[in-house]
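Visitor: I would like a close look at one part, the buried interior. Could you take me through it and then show me how the rest is arranged around it?

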Amino acid sequence: MEDARMVFGGYDNREKFQVSRSLDGQYFSLLKAHSGLINGKGRFWDSHKNTHNEAPLEIFTVKQGNKYRFRIIGVGALYPWTISVDGHKITVVASDGFDVEPQIADSVIINAGERYDVIIDADQPIGNYWIRAKTLESNRNTSVEAILHYQGASDTEPLSTHRTCTDTDKCLVVNCFFTYYPQNDFTLCLPVDKLKHKSDNDQAPKVIQGKFTEYFLNFAFPGKSFTPGSVNGRRFISPTKIALANPKDMDYPCDNTECDEQKICTCTYSLNLKHGDTVQMVFLNMGSGKGWAHPIHMHGHTFYVLKMGYAQYDNRTGEMIGENKDIDCRGGVAKNESFCNDATWSNSSWVNGNIPDLELKKPVRKDTIIVPSGGYVVTRIVADNPGVWFMHCHIELHANDGMAIIINESHANHPSPPQNFPRCHSFQEYDSTITQRPEDDDLFEINDLYTERNFWIMFGVLCAVIVLQFIIILCKFCCERSKDKPEKSYDFNGHFNSGFNSKT
Ligand SMILES: [Cu+2]
């Protein structure tokens, strides 16, 4: 298979867009975010003139003295947004559908795929206030607005301003994917793993000897000349048949020699989980392929967030200066050259869930979490939901580039399809340059078609068709003969009788 490389980017007034950078000195995209939408409404800003197209904005009308629950959904495909309301604090009360102990803050960061519920107390003077969503780009100012409108206020646009954070009265942001804002921003970060589950009865799954497995999954862009999105260096390619109906007939396995510690391969990467196991997944973003924070989204489960490990930063500028040291990327090369395809804990005593500072009593539960560049997230699930589940970066460009994996869970516990249930198989020609051919054992479903019973059934049907055709031809021949006799005959004298009518 040949790969086509895409030169992407954009120009504005003949000026090429620069790669947007995040506050921690890492990257976002070559693609410029011109605007954003809140409930489908937003404005196009001309960055040169600092003017907009005057499009209408979403207005949320509130009554002074009441409290309102806003359910914020990150439906974007790339940029995270910082959400705030001028003149108001927000109280974070839920994430990805799970209640958390209320956390008062000035703003919350929402990544693609995440959901946060916040309470806004309409306790300010009657008026109009900007609701702001702003990307975390350090070299651009991209924002979108909506309006918090108090009943009784004028129908004019707000004149409110964003709160000024000071050294003595710092602002607080929930769900940062780095540790520090630049020093002069006077802003503190509260990472999502420091939120607490509201319930006391939903503790982290336990480590049970013999029923505990741990995986290290590096979501990154490792490689040298070829650096696709990948998980552990495996660039995901979709199976050409339905994974759930053909669990043992999957093409593009990852067991070929192209997948290795310092190699990049293309395959349908999957984890095979055993039913009932406690599965600890350590999401990484390390090695030569780091540089972008990834919001990782899991289908079929919600995971317990036990710990987040961040990179090392300059606490004055907030920029990253090194990876987290808890992870050993291995690969037999210098750490910054390692693809980190086969990572483990730097401290070998941390295996079997024996990691310090895990939140086990009230861990927040989520299905999407940001994995910081140079950092990691420790998550756990119980493999109690048989199925074939997709897990991927929620930045579409990254997922489409191959940053995805299948969780292949407990085939023995799948309900069997009805007998003779039609199953689609792949019509795609096998491509030996991509992968090895599946083992014969894995092809049993295809071979099922060629049983002796099926052979005799098909042979019988074929014989019946031949006999039927012979009978039809014979009948037709006989009919033709019986019709021709009166119409075409000769008398003994050799005179031709043209037909029955000739006698009349
Ligand atoms: Cu990503």
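**Inside the chain**

Guide: Of the 504 residues of the chain, 34% count as buried; a residue is buried if 20 or more other C-beta atoms lie within 10 Å of its own, exposed if 12 or fewer, and partly exposed in between, with C-beta atoms placed from the backbone. This is a predicted model, in which local features need pLDDT of at least 70 and side-chain atom pairs count only at pLDDT 80 or more, while totals for chains, interfaces and linings use all residues. Residues are numbered from 1 along each chain as its sequence is written.

Let's start with the core. The largest nonpolar core (buried Ala, Val, Leu, Ile, Met, Phe, Trp, Tyr and Cys residues joined through C-beta atoms within 7 Å) has 93 residues. V108, L217, F219, F283, L284 and V371 have the most contacts inside this core. Domain 1 (11-190) and domain 2 (212-448) both contribute residues, so the core lies between them; these bounds come from an automatic or database domain assignment. In soluble globular proteins, nonpolar side chains tend to be buried together. For a closer view, take L217: beyond four places in sequence, L217 is in contact (C-beta atoms, placed from the backbone, within 7 Å) with V231, N232, M281, V282, F283, L284 and I405.

Two strands show what being enclosed looks like here. The chain has 3 helices and 34 strands, taken as DSSP runs and numbered from the N terminus (helices are H or I, at least four residues; strands are E, at least two). Strand β22 (residues 294-298) has 5 of its 5 residues buried, so the rest of the structure largely encloses it. Both of its faces are covered, with H294, I296 and M298 buried on one side and P295 and H297 buried on the other. In a regular strand the side chains alternate between the two faces of the sheet.

Now look at the partners of β22, where two strands pair if DSSP finds at least two bridges between them. β22 runs antiparallel to β29 (residues 368-371), joined by 4 bridges, and antiparallel to β31 (residues 387-393), joined by 3 bridges. H297 has T368 as its bridge partner in β29 and stands opposite H392 in β31.

Strand β23 (residues 303-309) is also largely enclosed by the rest of the structure, because 6 of its 7 residues are buried. β23 pairs in the antiparallel sense with β28 (residues 364-366) over 3 bridges, and V305 stands opposite V364 there. With β30 (residues 376-382), β23 makes 5 bridges, again antiparallel, and G309 stands opposite Y376.

From the interior, move on to two sheets in the 11-190 part of the numbering. One is an open sheet of 7 strands in the order β5-β13-β12-β7-β10-β14-β15, with mixed pairing. β5 (59-62) and β15 (187-190) stand at its edges with a single partner strand each, so one side of each has no neighbour in the sheet. The twist averages 25° from one strand to the next; axes are lines fitted to C-alpha atoms, for helices over the stretch in contact, and angles run from 0 to 180 degrees between N-to-C directions. At the β5 edge, 4 bridges join β5 to β13 (residues 143-150) in parallel, and I59 has I147 as its bridge partner.

The other open sheet has 4 strands in the order β6-β11-β8-β9, with antiparallel pairing. Its edge strands, β6 (67-73) and β9 (98-105), each pair on one side only. β6 is joined to β11 (residues 115-121) by 7 bridges, and K67 stands opposite D121. A94 belongs to β8 (residues 90-95) and counts as partly exposed, because it has 19 C-beta neighbours inside 10 Å. Beyond four places in sequence, A94 is in contact with D99, V100 and D117.

For contrast with the interior, find G210 in the loop between β15 and β16 (212-220). G210 counts as exposed because it has 5 C-beta neighbours inside 10 Å.

Finally, a word on confidence. pLDDT, the predictor's confidence in each residue from 0 to 100, averages 86 over the chain, and 85% of the residues score at least 70. Over residues 430-450 pLDDT stays under 50, and over residues 485-504 it is below 50. Where pLDDT is low, the predicted coordinates should not be read in detail.

Definitions and conventions:
Two residues are in contact if their C-beta atoms, placed from the backbone, lie within 7 Å.
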